[in-house]
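Reader: Hello! Could you take me on a close look at one part of this protein, with a little of its surroundings?

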Amino acid sequence: MKTLVRFLKDESGATAIEYGLIAALVGVAIITALTDYGDATEDMYNRIETSVVNAGK
């Protein structure tokens, strides 16, 4: 019974899980930001390409 009570009071595993969740959330935020940045960069290069092609006509 003492072992069960001690197990239920132990919060060290909860801290590790919280840090894991925070790390996962930061990872999702970074992936989202890089995806948006990649889309904006692709649009910029497409506009440059269109300008260069139209300038050669």
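Author: Happy to; what follows is about a charged patch and the helix around one of its members. The model is predicted, so local features need pLDDT of at least 70 and side-chain atom pairs count only at pLDDT 80 or more, while totals for chains, interfaces and linings use all residues. Residues are numbered from 1 along each chain as its sequence is written, and side-chain values use heavy atoms, leaving out hydrogens and water.

Asp36, Asp39, Glu42 and Asp43 form a negative surface patch. Patch members have over 30% relative accessible area and no salt bridge, with like charges joined within 9 Å; a salt bridge is a side-chain nitrogen of Lys or Arg within 4 Å of a carboxyl oxygen of Asp or Glu. Accessible areas come from the Shrake-Rupley method with a 1.4 Å probe, and for residues only the protein chains shown count as cover.

Let's zoom in on one member. Glu42 sits in helix α2, which covers residues 12-55; helices are DSSP runs of H or I with at least four residues, numbered from the N terminus. With a relative accessible area of 47%, Glu42 is partly exposed (buried is under 20%, exposed over 50%, partly exposed in between).

For contrast, Lys9 belongs to helix α1, residues 2-9, and counts as exposed at 65%. Between Lys9 and Asn54 there are 71 Å from C-alpha to C-alpha, at a sequence separation of 45 residues. The C-alpha trace of the protein spans about 85 × 10 × 5 Å along its principal axes, and 0% of its 57 residues count as buried.

Technical notes: Buried < 20%, exposed > 50% of the residue type's maximum accessible area, 1.4 Å probe, protein only. Patch = residues over 30% accessible without salt bridge, like charges linked within 9 Å, V, L, I, M, F, W, Y side chains within 5 Å. Lys, Arg positive; Asp, Glu negative; His and termini not counted. Charge placed at Lys NZ, Arg CZ, Asp CG, Glu CD. Helix = DSSP H or I, 4+ residues; strand = E, 2+ residues; numbered from the N terminus.
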